Amino acid sequence: MFSDESRFSLQSDSRRTFIWRAPGIRYHQENTIERHRYGGAGWLVWGGIILGSRTDLHAQSVTMTGHIYRDVILEQYVRLFRGAMGAEFLFMDDNARPHRANIVDECLQSEDITRMDWPAYSPDLNPIEYVWDMLGRRIAARQPPPTCLP
């Protein structure tokens, strides 16, 4: 199971500069949009994909902590997929601080969930990044999210 979370801003500016471009087009000036930086509310969205299936998306307005990650993500989502997949289940999360908390490690060990070794700062290797890209584009265009994610 590949899993990840991403923050989505509810304000007009997420404090990032995004470049949306068609495949094969380089970073041209006409593809960039300059925005002023405003603070504001946002949502953290977590999801997981596995063998042509997916978890439900989990959205929260608070910062992810080790306790929330264990109690909500691991207990309510990952553990269920582990039970369905059996001993061959391999779990991937990134090296975010809440994912490496001792209580998370203890939970994974107690549930016999094997975590995939993953290099730090390598988000482009995680296929779920395409899900965040799709959702980000829909939010930017103010379109409703799709009913089924890839």
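Are Trp46 and Tyr77 buried or exposed? Both of them are buried. Keep that pair in mind while we walk through the model, which is a predicted one.

1. **The overall layout.** Let's start with the whole chain. You can pick out three helices and six strands. Reading from the N terminus, the order is β-β-β-β-α-β-α-β-α. The chain has 150 residues, and 33% of them count as buried. Its accessible surface is about 9,800 Å², with 53% of that belonging to carbon and sulfur atoms.

2. **Contacts across the sequence.** Take the contacts between residues at least 6 apart in sequence: 64% of them join residues at least 24 apart. Glu88 and Ile113 make a handy example of distance along the chain versus distance in space: they are 25 residues apart in sequence, while their C-alpha atoms are 9.3 Å apart.

3. **Back to Trp46 and Tyr77.** Searching the whole structure turns up two aromatic pairs. In one of them, the ring centres of Trp46 and Tyr77 are 5.3 Å apart and the planes meet at 45°, so this pair is tilted. Trp46 belongs to strand E2 (residues 42-50) and Tyr77 to helix H1 (residues 66-85), so to speak two distant parts of the chain, 31 residues apart, linked by one pair.

4. **The Phe pair.** Now for Phe89 and Phe91. Their rings are stacked, with 6.5 Å from centre to centre and 15° between the planes. Why give two numbers for each pair? Because a pair of aromatic rings is described by the distance of the centres and the angle of the planes. Like the other pair's members, which are buried, Phe89 and Phe91 are both buried.

5. **Helix H1 has a bend.** Have a look along H1. A straight helix of 20 residues would span 28 Å at 1.5 Å a residue, but H1 spans only 24 Å between its end C-alpha atoms. Find Leu74 and you'll see where H1 bends, by about 50°. Leu74 is also one of the buried residues of H1, a list that further includes Gly66, Tyr69, Val72, Ile73 and Val78.

6. **Arg82, a buried arginine.** What is the relative accessible area of Arg82? The value is 14%, and the cut-off for buried is under 20%, so Arg82 counts as buried. Arg82 sits in helix H1. Leaving aside residues up to four places away in sequence, Arg82 touches Ala87, Phe89, Glu111, Asp112 and Ile113. Phe89 is the one you met in the stacked pair.

7. **What follows H1.** Just after H1 comes Gly86, with a positive phi of about 90°. Glu88 lies in the loop between H1 and E5. At 73% relative accessibility, Glu88 is exposed, whereas Phe89 is buried.

8. **Helix H2 has two sides.** In H2 (residues 102-110), the buried residues are Val104, Cys107 and Leu108. Looking down the axis of H2, you'll find them within an arc of 95°, so they line one face of the helix. The spacing makes sense, because an α-helix has 3.6 residues a turn and residues three or four places apart point the same way. What do the buried residues of H2 pack against? Their partners are H1, strand E5 (90-91) and strand E6 (114-115). Turned away from that buried side is a face carrying the exposed residues Asn102, Glu106, Gln109 and Ser110.

9. **Two positive phi values to check.** Most residues other than glycine have a negative phi. Leu51 has a positive one, near 40°, and Asp112 has a positive one too, near 55°. Leu51 is in the loop between E2 and strand E3 (53-54), and Asp112 is in the loop between H2 and E6. Are they buried or exposed? Leu51 is exposed, at 72% relative accessibility, and Asp112 is exposed as well, at 53%. Asp112 also turns up among the residues that Arg82 touches.

Methods:
Residues numbered from 1 in each chain as written. Predicted model: local features only at pLDDT ≥ 70, side-chain atom pairs only at ≥ 80, totals over all residues. Heavy atoms only, no water. Phe/Tyr/Trp six-rings, centres within 6.5 Å; stacked < 30°, edge-to-face > 60°. Helix = DSSP H or I, 4+ residues; strand = E, 2+ residues; numbered from the N terminus. Buried < 20%, exposed > 50% of the residue type's maximum accessible area, 1.4 Å probe, protein only. Arc of directions from axis to C-beta. Contact = heavy atoms within 4.5 Å. Areas by Shrake-Rupley, 256 points an atom, 1.4 Å probe, with all protein chains shown as cover. Expected span 1.5 Å × (residues − 1). Bend = angle between axes of the 7 residues up to and from the residue.
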